[in-house]
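Please open the model in your viewer and keep the selection tool at hand. The stops below say what to pick next and what is there.

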Amino acid sequence: MTPYTLKDITRPSGGFAMLAVDQREAMRLMFAAAGEKLPVTDQHLTDFKVNAAKILSPYASAILVDQQFCYRQIVEQHAVAKSCAMIVAADEFIPGNGLPVDNVVIDKSIDVQAVRRDGGKALKLLVLWRSDEDPQQRLEMVKAFNQLCHSQGLLSIIEPVVRPPRRSAAFNREQAIIDAAKELGDSGADLYKVEMPLFGKGTQQELLAASQKLNEQIAMPWVILSSGVDDKLFPRAVRVAMQAGASGFLAGRAVWSSVVGLPDTELMLRDVSVPKLQRLGEIVDEMMASR
C-alpha cells in the first residue's frame, strides 16, 4: 500500500485550492437564516452538497465531505471530478450549551479502509481549542487520529478552532490562534488548517504581520479556512496568508455561502461560485510561482 502524499491533494503548482462541504448543523442554520421554509431537512443539505461537489470539484484540488449527509451519496453518484481528491471528515460533533458543536471526538464509525477503497486521500479532524482545557487530551486525540490515517496511507489534516474558555469571560481570539498553533503545530499531522487572523480584516500590513506570527509556530504546511471571513475579503486573505508562508486554502463559505437558499441552486453554483473558486485557485498558483 503506497501512502498518499500532499501532492495528491494539491494543484500542479504545489498549492492547495480545496473546497469544504462538510458543514453539518451549521449549514442547516445557514439555510434557515436564508429564509428557507422550515424545517430544513437532511435532504436539503444532501442535495446542496452533492450539487456543489458535481459543479465545483472540477475547479478544486480536493473536496472535504462529511459522512452524515453526503459522503455515501457523493461516492455513489461519482460526484467528484477525477482531477479532484476526496477528503473525509472523521470528527463527530457533540452539541451542548446551545452550540451545534460544543465538543469533538474522533468518529468511531469511520471505516478507514472503506475511505481508501472509495478513493479518499485524507481524513480531517476538527480540534476545539480552549485555554482552560487539558492540552494533553488534545494532543493524544491528534496522535490517535494521525495513527488512524497513516495506518491506511491516508493524509492527516487537523483543524484547530479556538473557542472562549469555559470558566472565564476573557478571550483573546488572536492570541488563542497563536497558542493553539504552538501546541499543535508540530503534532505529526500532514497539514494544518487554521482560522484566518483578524477575520481577514485590517490593513494588508496588519494581516501580514499576524500571519507571519502564526507561520512561526506551525512546523508543517498550512492552509486557511474561510469561516468568519467576509467572502469579498477572502481572496486577499489567501494572498496575504500565502505571502506569510501558507500554502493555500481549504474553505467552503467563501465559495458557496452566498448561494445558500437561492432558487436554481445549480445555476447559482455555476454562475456565482465557480468564478470565485477559479479566482482563488489562480491566486494560489500565482503565489506559489512567486516563491
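## First stop: two crossing helices

Helices α1 and α2 are roughly perpendicular to each other. This is a predicted model. Select α1 together with α2, residues 42-56, and look at the axes: they cross at roughly 100° and come within 10 Å. An angle from 65 to 115 degrees counts as roughly perpendicular, and the crossing at roughly 100° is therefore given that label.

Now show the side chains where the two helices touch. On the α1 side, pick Met27, Arg28 and Phe31; on the α2 side, pick Asp42, His44, Leu45, Phe48 and Lys49. By type, the residues of this contact are four nonpolar, one polar and three charged.

## Second stop: a pair within α1

Stay on α1 and select Glu25 and Arg28, whose side chains form a salt bridge with N and O 2.7 Å apart. How far apart are Glu25 and Arg28 in helix α1? They are three residues apart, which puts about one helical turn between them. In general, an α-helix has 3.6 residues a turn, so residues three or four places apart point the same way.

Is Arg28 buried or exposed? Arg28 is buried, at a relative accessible area of 19%, while Glu25 is partly exposed at 30%. The cut-off for buried is under 20%.

## Third stop: salt bridges to helix α10

The structure has 22 salt bridges. For one that links distant parts of the chain, select Arg11 and Asp285, where the closest N and O atoms are 2.8 Å apart. Arg11 sits in the segment before β1, and Asp285 belongs to helix α10, residues 265-289; the two are 274 residues apart. Asp285 is partly exposed, with a relative accessibility of 26%.

Remain on α10 and select Lys276 with Asp231, a salt bridge of 2.7 Å from N to O. This pair also links distant parts of the chain: Asp231 is in the loop between β9 and α8, 45 residues from Lys276. Lys276 counts as partly exposed, with a relative accessibility of 24%.

Next select Asp22, Arg24, Asp91, Lys124, Glu159 and Lys193 together: salt bridges with shared partners join these residues into one network.

## Fourth stop: helix α6

Select residues 173-184, which make up helix α6. The end C-alpha atoms of α6 are 16 Å apart, and this agrees with the 16 Å that its 12 residues should span.

Which residues of α6 are buried? They are Arg173, Ala176, Ile177, Ile178, Ala180, Ala181, Glu183 and Leu184. To see what covers them, add the surrounding elements, including the strands β6, β7 and β8 and the helices α5 and α7.

## Last stop: two residues with positive phi

Most residues other than glycine have a negative phi. Two residues to look at here are His78 and Phe199.

Select His78 in the loop between α3 and β3. His78 is not a glycine, yet its phi is positive, at about 50°. With a relative accessibility of 70%, His78 counts as exposed.

Then move to Phe199, in the loop between β8 and α7. Phe199 has a positive phi of about 55° and is likewise not a glycine. Its relative accessible area is 34%, so Phe199 is partly exposed.

Terms used:
Residues numbered from 1 in each chain as written. Predicted model: local features only at pLDDT ≥ 70, side-chain atom pairs only at ≥ 80, totals over all residues. Heavy atoms only, no water. Salt bridge = Lys/Arg side-chain N within 4 Å of Asp/Glu carboxyl O. Helix = DSSP H or I, 4+ residues; strand = E, 2+ residues; numbered from the N terminus. Buried < 20%, exposed > 50% of the residue type's maximum accessible area, 1.4 Å probe, protein only. Axes fitted to C-alpha atoms, helices over the stretch in contact; angles between N-to-C directions. Parallel < 35°, antiparallel > 145°, perpendicular 65-115°, else oblique. Contact = heavy atoms within 4.5 Å. Nonpolar A, V, L, I, M, F, W, Y, C, P; charged D, E, K, R; others polar. Expected span 1.5 Å × (residues − 1).
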